[in-house]
Amino acid sequence: MPQECAREEIGRLITLYELDQLSEKDRRRFEEHLLECPHCLQELQEMLPLISTMRESRVEIRQALAGQGMSFAEEKEALLEKSRDRAGESLIASFYGIIQRLLTDVRRPVVWAPAVAVALILIFLLPWGRSPNPYLPYLDYSKAPYSRVAFRGPAGQINVEAQKAFNAGMAEYLRDNYDLAIQHLKRAVRRAPEESQYWFYLGVSQYLARHPGSGIEALNRALSTTDESLRAKARWYLAQAYLLRGDLKQVQLHLHEIIGVGGEYSARADSLLKQIETFK
Amino acid sequence: MPFEPNFDWNDLLLKVKEGQTEARNALCQALSVRLRLIAQYRLWGWSRQDLDDLVQESLITLMGRLNRVDSNPHRVACEILRNKIGDALRRRKMIKIPLQTDPADDSHSREAVAMPAIHPEEDDGFIARIEARDRVDLVRTAIRNLAPFCRAFFLGILEGQSARELWRHFRRAEPGLQRSAFDKRIFDCRKRLKQLVKDQI
């Protein structure tokens with residue numbers, strides 16, 4: 001490969017040139033540069049087969065990717081969601097920043113009194129002010145079983161986009177990639193909010209990714225189903241999510257419900273209930 | 001050599017003017033590589049023959065005017081090529097479907113419609129089609145394995161959105177994203193895409 005591009009700011013236009021996205025003025029600028037830059041010339045030559053494929057088989061590639069649940073709209077939505085999460089995190093970060101500044105300026109008499117007050121409030125309000133959850137060893141982190149063949153809706157009523165997102169989510173779920181699974185499953189429930197199974201697996205993924213709050217919300221939505229077996233499963237994971245959060249009252253409530261109805265999770269619920277009561 | 005670093009166009013021009021055949025060949029060779037690539041990107045989908053003809057015509061025109069060129073023969077050649085491309089495009093656009101044609105006889109209109117359309121890739125047979133199929137799979141897999149930003153960018157392009165539109169979309173997720181930063185990022189995306197398909201395409 002010839003030496004690096006000497007005029008990087010023009011050299012960078014190569015991607016847009018290849019994708020035919022430059023204005024006529026910039027296109028001319030880049031072409032003038034191309035005549036004098038062996039590096040960019042070789043770059044352009046090397047990428048020619050790939051760019052040809054992208055430009056000539058655009059529809060085919062797009063359709064294949066759409067078949068795997070990937071489209072610009074989906075990706076854009078995921079990026080927006082991430083940015084919202086980041087915004088939330090940065091809000092927390094800036095809050096801690098303020099606290100840190102207050103603590104650094106503690107020698108200034110005007111500041112230290114309110115700083116102490118804020119610290120005291122924090123001790124009472126923030127989770128680490130509480131004692132650690134003693135029930136963590138009883139949590140069940142096993143995955144809810146899933147078989148693609150077993151899950152089929154009535155033909156003609158299936159929301160194809162939602163189904164695609166669900167399948168993509170379950171593929172990640174089976175690979176234990178819960179964060180990715182959550183992204184896909186969120187898209188699935190947005191498209192088909194009436195599907196309790198989507199909510200169920202979203203809730204389980206959120207619980208397994210240690211997000212009990214959002215997991216509880218999703219699992220409660222899954223409880224709206226008339227399918228008793230799914231309701232029992234949803235209650236079991238709801239009990240787990242509440243246990244993770246340390247809300248014993250709700251744990252007991254759901255475990256009693258499971259035992260009352262009977263079925264697959266009844267014996268496990270009974271055993272867990274006994275363990276908790278013995279511990280208390 | 002076409003990719004030789006620090007290629008001195010003016011020195012070459014001087015030698016050609018002195019009548020050195022070797023220099024003349026070197027100039028033509030270096031220019032034809034570059035002009036061919038520019039023509040290909042400007043006239044995407046045109047047949048190889050058409051592109052070669054345009055480059056050839058541009059070089060002949062340049063050689064005819066070389067005595068009047070004082071410096072930078074490559075820039076002059078590029079300008080000639082652009083003019084030739086403009087003429088070729090105008091020629092193709094000038095062929096219009098006649099208004100008074102017999103609807104039953106569509107041979108004329110079909111020809112007229114077919115002319116400005118891009119030429120489908122030359123059919124090199126069964127193997128070429130398999131190779132093309134493999135390349136599609138390779139590009140699809142590479143795009144799938146890119147980071148979310150890059151994946152979204154290439155998906156947007158494949159869906160026919162312009163870079164400007166995509167930048168606007170991305171600004172919704174990152175309000176402070178400047179156009180120059182966006183361009184830099186997509187340049188990096190291209191690098192990553194290239195790395196993913198390296199040695200395979």
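Two helices count as roughly parallel when the angle between them is under 35 degrees, as roughly antiparallel over 145, as roughly perpendicular from 65 to 115, and as oblique for the rest. That vocabulary comes in handy for one pair of helices in this predicted model. The axes of helix 5 of chain A and helix 6 of chain B (residues 126-144) come within 10 Å and cross at roughly 50 degrees, and the two helices are therefore oblique to each other. The crossing of helix 5 of chain A with helix 6 of chain B is right-handed. On the chain A side, the residues that meet the partner helix are Glu60(A), Ile61(A), Ala64(A) and Leu65(A). Facing them from helix 6 of chain B are Val136(B), Val139(B), Arg140(B), Ile143(B) and Arg144(B). Sorted by class, this helix-to-helix contact has 6 nonpolar and 3 charged residues, with no polar ones.

Now for the chains themselves. Chain A has 14 helices and 0 strands, so to speak an α pattern from the N terminus on. Of its 280 residues, 32% count as buried. Take the contacts in chain A between residues at least 6 apart in sequence: 51% of them join residues at least 24 apart. Chain B also goes without strands, with 9 helices and 0 strands. Here 24% of the 201 residues count as buried. For chain B, 56% of the contacts with a separation of 6 or more involve residues 24 or more positions apart.

How do the two chains meet? In total, 42 residues of chain A are in contact with 43 residues of chain B. Several helices of chain A each supply at least two residues to the side that touches chain B: helix 2 (14-18), helix 3 (24-36), helix 4 (38-56), helix 5 (58-67) and helix 6 (72-104). Helix 4 of chain A brings the largest share, 12 residues. By class, that side of chain A splits into 21 nonpolar, 10 polar and 11 charged residues.

Finally, the nonpolar cores. The largest has 57 residues, and the ones that touch the most other members are Leu34(A), Leu35(B), Ala77(B), Leu81(B) and Phe153(B). Ala77(B) makes a handy example: setting aside its neighbours within four places in sequence, Ala77(B) is in contact with Leu31(B), Leu35(B), Ser58(B) and Leu62(B). Apart from the largest core lies another one, of 40 residues. Its members include Phe166(A), Tyr201(A), Val251(A) and Leu255(A).

Methods:
Residues are numbered from 1 along each chain as its sequence is written. Chains are lettered from A and ligands numbered from 1 in the order in which they are written. This is a predicted model: local features need pLDDT of at least 70, side-chain atom pairs count only at pLDDT 80 or more; totals for chains, interfaces and linings use all residues. Helices (H or I, at least four residues) and strands (E, at least two) are DSSP runs, numbered from the N terminus. A residue is buried if 20 or more other C-beta atoms lie within 10 Å of its own, exposed if 12 or fewer, and partly exposed in between; C-beta atoms are placed from the backbone. Two residues are in contact if their C-beta atoms, placed from the backbone, lie within 7 Å. Ala, Val, Leu, Ile, Met, Phe, Trp, Tyr, Cys and Pro count as nonpolar, Asp, Glu, Lys and Arg as charged, and the others, Gly among them, as polar. A nonpolar core is a set of buried Ala, Val, Leu, Ile, Met, Phe, Trp, Tyr and Cys residues joined through C-beta atoms within 7 Å. Axes are lines fitted to C-alpha atoms, for helices over the stretch in contact, and angles run from 0 to 180 degrees between N-to-C directions. A crossing is left-handed if the near helix is turned anticlockwise from the far one by less than a right angle, and right-handed if clockwise.
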